[in-house]
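Q: Please take a close look at a single part of this model and then set that part in its wider context. A formal, connected account would be preferred.

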Amino acid sequence: MDRGPGAVPGTGVVVGRDDELSVVREFLGQAGGRASMLVAVGDPGSGKSTLLQVAAQEAAQRGFRVLSCTGHEGEQELAFGALHQLLSPVLDYMEQLPAPQGKALSRAFGIDAAAQELPSQSERLLINLAVLNLLSLEAAVQPVLLVVDDLQWLDSCSQDALAFVARRAAEEPMAILAGARGTSVPQRFLGDVERLEVTPLDESAAEALLAAQPQPPAGLLKSHILEHAAGNPLALVELTRALGSASGSLSSMPEGTMPLTERLEAIYAERLDGLPQATQRVLLFAAAADHSDMSAALLAASAVVPQGGTEAWLVAEEAGLVTLDSGRVAFRHPLVRSAVYGAAPFAARRDVHLKLAEALKEDPDRRAWHMAAATLIPDEQIAHALVETADRARRRGGYRVAAAALERAAALTPDASLQARRLVTAAELAMLAGEPWWVDTLASRALAVTDDPELSVRAALLAGWALTSSTRQKAALNHLFPLAAATVDTNPSVALSAISCATIIVYNTGDESHRREALRLLDRIAADVGGPEGQAWARAGCDPFGDRERHLARLRSAAAQEFQYEIFTTLGGCAWILDETPLAVDILGNLMDHLQRVSTIGSNATVGQALALAQFDSGAWDAAWVSAEDARKVATANGLDMAGRAATYVSAALLALRGETASAGVLVEQAAAGIDASESRALEARTRMVRSFIASAEGEHVLAYHALRGLFSEGPEPRPLHYHASYYGIADLAAAAVRVGQEREARMVVRSAASALAGRMSPRVQLLLLRAQALLAAEGEKEGFYTAALEEPAGEQWPFERALTLLEYGEWLRRKRRTGDARTRLAQALTVFERLRARPFAARAGAELRACGVVLSSDGQQEDGLDKLTAQQLQIARLAAQGLTNRQIGERLLLSDRTVGFHLYQTYPKLGVRNRTQLRDALSRRLGS
């Protein structure tokens with residue numbers, strides 16, 4: 001069997017890919033283990049498809065159910081097209097799905113067009129859950145391998161569904177093996193997969209492949225083929241065939257330094273020239289068609305080409321361009337399709353697209369795209385058809401597909417005003433899809449073709465959103481501040497929206513000149529513009545220690561309103577920045593629940609990172625880890641750089657505080673990589689704190705002190721590096737200063753901070769200052785500060801910070817030989833540290849307790865097994881202990897019933913229990929819950 005490029009014809013042997021095949025086989029052997037998706041990446045023709053074919057055959061021999069699909073460049077706009085191809089063999093299971101999921105999937109596949117429509121944003125999650133559960137049903141019978149070639153060309157809805165499955169299929173007998181062009185995995189899958197780079201063959205393997213060809217080249221011809229192919233298996237094979245048919249002449253050899261893919265396409269086009277016209281014609285029909293259109297393409301080709309039947313296709317197969325199997329036609333490689341299509345003149349392509357449009361008149365979406373491909377000039381009728389296609393895609397939750405359709409519709413729209421309106425709407429859909437770079441492009445194009453004030457403002461705000469989501473912070477402010485200044489008197493609500501958007505950058509940069517500019521503009525906007533929900537974030541974000549009572553009044557008034565996603569997104573951030581931590585967790589948690597119910601995957605990185613920060617502050621560290629890791633993945637997939645960095649900080653901080661300093665160090669450097677500290681003071685402040693955690697855990701107290709001292713300027717009146725974030729490190733700075741004998745410097749910082757924030761600080765910051773003052777005070781004054789800090793009931797909202805105060809107070813009491821009092825405080829601190837798995841601090845508290853004469857079992861490790869659980873296992877165990885069924889847990893965590901059961905199966909022996917009753921008792925003893 002000739003498996004394709006890189007395989008020896010007639011033998012099935014793959015040349016030069018032993019290492020790659022070993023990785024693939026190991027992956028198949030671990031299906032449902034440490035990774036659920038492996039993506040082979042490499043140049044076109046590198047042999048990725050061959051690896052997938054080998055894997056599919058071997059998996060079938062091992063008892064896997066193999067489901068496959070191939071992406072096509074022209075099918076990217078067809079929502080769920082690839083997913084339908086992939087799942088067609090298992091659609092019989094749809095009857096076993098929950099009714100809402102089955103109906104949503106039926107609608108996505110056009111099976112149940114008459115079904116009642118769900119809200120536009122809710123259907124995507126149901127579809128993704130349906131796909132996961134459909135595959136789980138098959139996996140319950142036999143292991144499942146999904147084989148996806150040309151992953152980068154799958155339509156975005158199908159990519160989202162696969163990414164959803166990849167994130168949630170771990171531990172199930174299910175795996176995804178894919179191939180993608182280039183050197184990287186498509187962004188939507190970053191962080192969720194293992195990557196296998198299919199590199200060029202070395203010289204010996206390339207020569208072996210040439211020697212195995214039917215007409216192996218020799219001499220100078222062989223040298224040229226080896227040089228120009230550069231180890232690409234497809235190029236080696238196709239160049240050998242092309243040059244062999246030219247009787248060894250080098251006249252057809254590609255010249256110059258064109259990219260390899262262009263050389264290959266030129267070769268394919270050259271080979272087309274020698275084919276009969278009938279064969280070229282039928283190939284063009286196939287090239288212009290997507291998979292779903294192929295039947296119509298074959299019928300249309302037979303109708304218009306005199307010899308468009310079997311004979312023409314046999315010639316194409318003999319030429320090595322296509323494979324024919326049971327009435328199906330497939331190009332041997334996507335480059336063949338590209339070459340066939342690109343070699344044809346526009347008149348020929350237009351004719352084919354028009355005939356395909358006629359053949360697909362019962363499918364308005366596909367017909368619209370073919371009509372669009374058949375024209376070079378604006379055409380409102382075709383544009384309107386694409387708008388209707390976009391509307392249908394949007395109702396299914398296919399925001400990316402809808403945005404693409406509207407973008408193409410705009411290009412075909414004769415009227416400039418309507419063109420701009422469609423571009424703006426496309427940008428809004430791209431924003432819902434979470435793609436800032438695309439939003440920026442669409443908004444810029446809209447601004448270039450309209451002078452309509454309302455459209456210009458919408459486009460300008462969209463462009464501002466796109467800029468704030470990336471690292472282009474200066475550009476964002478240079479865009480948003482002038483917009484606010486231009487509208488502050490004539491349209492203050494627009495100005496307020498611009499400032500609210502800019503506030504994200506103001507906070508991130510921490511630049512005082514930017515902050516003053518924002519506050520100056522806000523002073524010109526009446527307090528009732530936009531209501532409390534419009535004012536709260538901008539004013540609190542730019543000046544959190546300003547008029548705190550008024551900030552809180554706006555926040556509470558807005559939070560009391562009926563839930564609205566757009567409003568509550570900013571309110572969650574407002575609550576966090578004002579240290580209303582329980583309210584922030586509540587608002588942001590509800591937002592995340594809402595997103596998981598109704599939104600498309602990949603649109604929650606901003607909410608996710610904010611929720612992670614609030615959960616971290618509140619002591620919900622396991623939940624914070626899950627939120628941060630999810631936000632990091634989604635941010636990476638959608639180019640939301642700053643949200644991803646903030647989430648990475650949370651993960652790094654958690655690892656550092658739990659003593660996993662090496663991993664924490666890697667993450668904190670990732671968070672700070674490529675960022676100018678002077679332009680991102682909030683991130684710089686946070687990374688300094690994480691570095692201090694790492695240094696302290698490793699006993700490098702001087703390094704810890706210097707990291708924290710950088711939160712404030714030098715001199716007699718130290719100023720904060722960041723107007724908000726710096727103050728949250730002040731107590732740790734005092735503790736580090738005491739360890740290295742720098743109390744004088746620390747006292748200057750504390751005095752300056754207390755003076756700057758007098759009468760304006762939140763209870764949390766006040767408690768941090770009290771702890772710092774206790775550490776730095778004279779011996780006779782320390783207890784007063786400690787007592788004041790611990791008597792404040794609000795401190796329970798921040799358990800880790802309170803436990804640090806208890807620990808340091810207990811240490812001081814022990815040094816004063818007040819061991820009874822010391823034991824009480826140290827035991828309270830130890831309980832918190834053990835619950836949070838803050839091992840360095842638990843060890844420190846345990847050592848102090850032993851010095852007080854307390855005997856601790858297992859060195860004070862009262863969790864007995866909890867430290868062996870992953871964050872997800874602990875989360876599932878807690879829900880199970882509350883009485884939730886596997887199905888209820890799965891619905892809450894977006895996992896299948898089987899996955900939940902598998903995690904519980906692994907959890908029970910780690911905790912020494914056998915059933916849920918024992919699990920509840922065990923967690924109650926260990927966590928006090």
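A: A residue is counted as buried when its relative accessible area is under 20%. The model under discussion is predicted. Against that cut-off, glutamine 159 is classed as buried because its relative accessibility is 5%. Glutamine 159 belongs to helix 6, which covers residues 156-168. Apart from neighbours within four places in sequence, the contacts of glutamine 159 are Leu151, Gln152, Trp153, Leu154, Pro186, Arg188 and Phe189.

The protein as a whole gives the setting for this residue. Of its 929 residues, 57% are buried. The exposed surface of the protein amounts to about 36900 Å², and carbon and sulfur atoms supply 51% of that area. The fold contains 45 helices and seven strands. Among contacts in the protein with a separation of 6 or more, 68% join residues that lie 24 or more positions apart.

Two helix pairs show how elements of this protein meet. In one pair, helix 22 (residues 473-487) and helix 23 (residues 492-509) have axes that come within 8 Å and cross at roughly 155°. Angles over 145 degrees count as roughly antiparallel, and helix 22 is therefore roughly antiparallel to helix 23. The crossing of helix 22 past helix 23 is left-handed. On the side of helix 22, the contact is formed by Gln473, Ala476, Leu477, Leu480, Phe481, Leu483, Ala484 and Thr487. Helix 23 contributes Pro492, Val494, Ala495, Ala498, Ile499, Cys501, Ala502, Ile505, Val506, Asn508 and Thr509. Sorted by class, the contact between helix 22 and helix 23 comprises 15 nonpolar residues and four polar ones, with no charged residues.

In the other pair, the axes of helix 16 (residues 364-373) and helix 17 (residues 380-395) come within 9 Å, crossing at roughly 140°. Helix 16 and helix 17 are therefore oblique to each other. Helix 16 also passes helix 17 in a left-handed crossing. The residues of helix 16 that take part are Pro364, Asp365, Ala368, Trp369, Met371 and Ala372; they meet Ile382, Ala385, Leu386, Thr389 and Arg392 of helix 17. By class, eight nonpolar residues, one polar residue and two charged residues make up the contact of helix 16 with helix 17.

Conventions:
Residues numbered from 1 in each chain as written. Predicted model: local features only at pLDDT ≥ 70, side-chain atom pairs only at ≥ 80, totals over all residues. Heavy atoms only, no water. Helix = DSSP H or I, 4+ residues; strand = E, 2+ residues; numbered from the N terminus. Buried < 20%, exposed > 50% of the residue type's maximum accessible area, 1.4 Å probe, protein only. Contact = heavy atoms within 4.5 Å. Areas by Shrake-Rupley, 256 points an atom, 1.4 Å probe, with all protein chains shown as cover. Axes fitted to C-alpha atoms, helices over the stretch in contact; angles between N-to-C directions. Parallel < 35°, antiparallel > 145°, perpendicular 65-115°, else oblique. Left-handed = near helix turned anticlockwise from the far one by under 90°. Nonpolar A, V, L, I, M, F, W, Y, C, P; charged D, E, K, R; others polar.
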